[in-house]
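I opened a new page for this protein and wrote down what I looked up, entry by entry.

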Amino acid sequence: MSTMKLFTGLILCSLVLGVHSQWFSFLGEAYEGAKDMWRAYSDMKEARYIDSDKYFHARGNYDAAQRGPGGVWAAEVISDARENLQRVTDLFQHGDSGHGLEDSKADQFANEWGRSGKDPNYFRPAGLPDKY
């Protein structure tokens, strides 16, 4: 009987520790993915290069997604929050004119492109410095 309790306890502990380990892994991936997103945003602001924003959207999402499920989650949350915030600020600046809606859709396309693992260089504008 005590062998059965020990065996059951070991199974239960291994399940709990496995889930616990996966949770920490997810959080680590999300944290690193958020850093990837911030790095792409910072690079975009530093580069100030015409027609490069879609590239940086795709690159940030791509880099974050390479971290694993936590990175994908972070990239999606950050991308959606950014686009939703932009839509709200556009409403205050331009009313219900639809201003920026097409750009927002194009940004989301680039975000999803990168998150799906497709090459962000598809959006890279000619002449963007190799640093980026």
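**Surface.** I began with the outside: the protein exposes about 8,800 Å². Carbon and sulfur atoms supply 63% of that area. I note here that I am working from a predicted model.

**Burial.** I then looked up how much of the chain is covered. The protein has 132 residues, and 32% of them count as buried.

**Elements.** I counted four helices and zero strands. Read from the N terminus, the order is α-α-α-α.

**Contacts along the chain.** I took the contacts with a separation of 6 or more and asked what share joins residues 24 or more positions apart. The share is 72%.

**A patch on the surface.** I found a nonpolar surface patch made by Trp 23, Phe 24 and Leu 27. The patch covers about 340 Å². I placed Phe 24 in helix α1, which runs over residues 2-47.

**Length of α3.** Helix α3 takes in residues 69-94, which is 26 residues. I wanted to know what span to expect at 1.5 Å a residue. The expected span is 38 Å, and the C-alpha atoms at the ends of α3 lie 37 Å apart, so the two agree.

**Buried residues of α3.** I listed the buried positions in α3: Gly 70, Gly 71, Ala 74, Ala 75, Ser 79, Glu 83, Gln 86 and Asp 90. I picked one of them, Ser 79, for a further look.

**Ser 79.** Ser 79 sits in helix α3. Is Ser 79 buried or exposed? Its relative accessible area is 4%, and the cut-off for buried is under 20%, so Ser 79 counts as buried. I set aside the neighbours within four places in sequence and looked up what else Ser 79 contacts. I found Met 37, Asn 61, Gln 108, Asn 111 and Arg 115.

**The largest nonpolar core.** I noted 10 residues in the largest nonpolar core: Met 44, Ala 47, Tyr 55, Phe 56, Ala 58, Ala 110, Trp 113, Phe 123, Leu 128 and Tyr 132. Which elements give two or more residues to this core? They are α1, α2 (53-65) and α4 (101-115). The most comes from α2, which gives three residues.

**Phe 123.** I ended with one member of this core, Phe 123. Not counting residues up to four places away in sequence, Phe 123 touches Asp 51, Lys 54, Tyr 55, Ala 58, Phe 109, Ala 110 and Trp 113. Among these, I had already written down Tyr 55, Ala 58, Ala 110 and Trp 113 as members of the core.

Technical notes. Residues are numbered from 1 along each chain as its sequence is written. This is a predicted model: local features need pLDDT of at least 70, side-chain atom pairs count only at pLDDT 80 or more; totals for chains, interfaces and linings use all residues. Side-chain values use heavy atoms; hydrogens and water are left out. Patches are made of residues with over 30% relative accessible area and no salt bridge: like charges are joined within 9 Å, nonpolar side chains (Val, Leu, Ile, Met, Phe, Trp, Tyr) within 5 Å. Accessible areas come from the Shrake-Rupley method with a 1.4 Å probe; for residues, only the protein chains shown count as cover. A salt bridge is a side-chain nitrogen of Lys or Arg within 4 Å of a carboxyl oxygen of Asp or Glu. The expected span of a helix is 1.5 Å times one less than its number of residues. Buried means under 20% relative accessible area, exposed over 50%, partly exposed in between (1.4 Å probe, protein chains only). Contact means heavy atoms within 4.5 Å. A nonpolar core is a set of buried Ala, Val, Leu, Ile, Met, Phe, Trp, Tyr and Cys residues joined through side-chain atoms within 4.5 Å.
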